[in-house]
Amino acid sequence: MTIGFVMLLNRQGKVRLTKWYDPFTQKERKKAVREIGNKVLGRPDRMCNFIDWKEYTVVYKRYASLYFVFGVDRDTNELITLESIHKFVLTLDRYFENVCELDIIYGFDQAYFILDEFLMAGEIQETSIKTMLKHIYDQNMLEKGENTADALRISGIL
C-alpha cells in the first residue's frame, strides 16, 4: 500500500494537516486540496468513501467535524486504507484523549509526530498504538528532559 498524501479537512474545507509523500509542486498541492476538498465535502453521507482522482484513489472517512483523507495508488485495497485511517484516528484519540479539531490545531506538532510514527515515505511503519504512543512520549520527555518511565506510568501506558 503506497500512500501519496494525507489530508485532514474540517467541514468548511479548511486544511488542518497535510503530508505529501509523492512529489507535488506548491501549485499542484493547492489545486489538489481544492479539488479533493470539494469532491469529498460535496458527497452525500450515504455514498461510498472512495473517489477516483487522477492516478489516485482517494479514501476518506469523517470523524466528528474532521475528514481524514488518504490518497493511495489505484491498486491498493480501499478497505485496508479505511482501516489505516481508523488506526490513525484511534492513535490520535488515545494521545489527545478524545481528539477534536482544536487538538489538531493547537497540537499540530504532536499530530505530525504521530503521523510520522505511523507512516514513513507513504508506507505503514508501525501498527501498534502502544508502541507509537511510547515513541511519542519518549520524544516529549526528551524535549522536556523528564523521565520517560514516570510519564508512561502517569499516562496509563505502562
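User: I'd like to start with one helix: which residue follows α5, and what is the sign of its phi?

Analyst: Happy to start there. Helices here are DSSP runs of H or I with at least four residues, strands are runs of E with at least two, and both are numbered from the N terminus. After α5 comes Gly-145, with a positive phi near 75°. Before we go on, this is a predicted model, in which local features need pLDDT of at least 70, side-chain atom pairs count only at pLDDT 80 or more, and totals for chains, interfaces and linings use all residues. Residues are numbered from 1 along each chain as its sequence is written, and side-chain values use heavy atoms, with hydrogens and water left out.

User: What is the span of α5 from its first C-alpha to its last?

Analyst: The expected span of a helix is 1.5 Å times one less than its number of residues. Helix α5 covers residues 129-144, 16 residues in total, and reaches 22 Å, close to the expected 22 Å.

User: Which residues of α5 are buried?

Analyst: Buried means under 20% relative accessible area, exposed means over 50%, and partly exposed lies in between (1.4 Å probe, protein chains only). An α-helix has 3.6 residues a turn, so residues three or four places apart point the same way. In α5 the buried residues include Ile-129, Met-132, Leu-133 and Ile-136.

User: Now the sheet. In what order do the strands lie?

Analyst: Two strands pair if DSSP finds at least two bridges between them. Here five strands make an open sheet with antiparallel pairing, in the order β2-β1-β5-β4-β3. β2 and β3 (50-53) are at the edges with a single partner strand each, so one side of each has no neighbour in the sheet. From one strand to the next, the twist averages 20°; the axes behind such angles are lines fitted to C-alpha atoms, for helices over the stretch in contact, and angles run from 0 to 180 degrees between N-to-C directions.

User: Which residues stand opposite Leu-8 in β5 and in β2?

Analyst: In β5 that is Phe-68, and in β2 the bridge partner of Leu-8 is Leu-17. Strand β1 (residues 3-10) pairs with β5 (residues 66-73) over seven bridges and with β2 (residues 15-20) over five. Eight of the eight residues of β1 are buried, so this strand is largely enclosed by the rest of the structure. The hairpin of β1 and β2 has four residues between the strands, and Gly-13 in the turn has a positive phi of about 95°.

User: Which residue in the loop between β4 and β5 has a positive phi?

Analyst: Most residues other than glycine have a negative phi. Ala-64, in the loop between β4 and β5, has a positive phi of about 55° although it is not a glycine. Ala-64 counts as exposed, at 64% relative accessibility.

User: How many aromatic pairs does the structure hold?

Analyst: Rings of Phe, Tyr and Trp (its six-membered ring) pair if their centres lie within 6.5 Å; planes under 30 degrees apart count as stacked, over 60 as edge-to-face and the rest as tilted. The structure holds 13 such pairs. In one of them, Phe-5 and Trp-20 have ring centres 5.4 Å apart and planes at 40°, so the pair is tilted. Phe-5 lies in β1 and Trp-20 in β2, 15 residues apart. Both Phe-5 and Trp-20 are buried. Tyr-95 and Phe-96 form an edge-to-face pair, 5.0 Å centre to centre with 85° between the planes.
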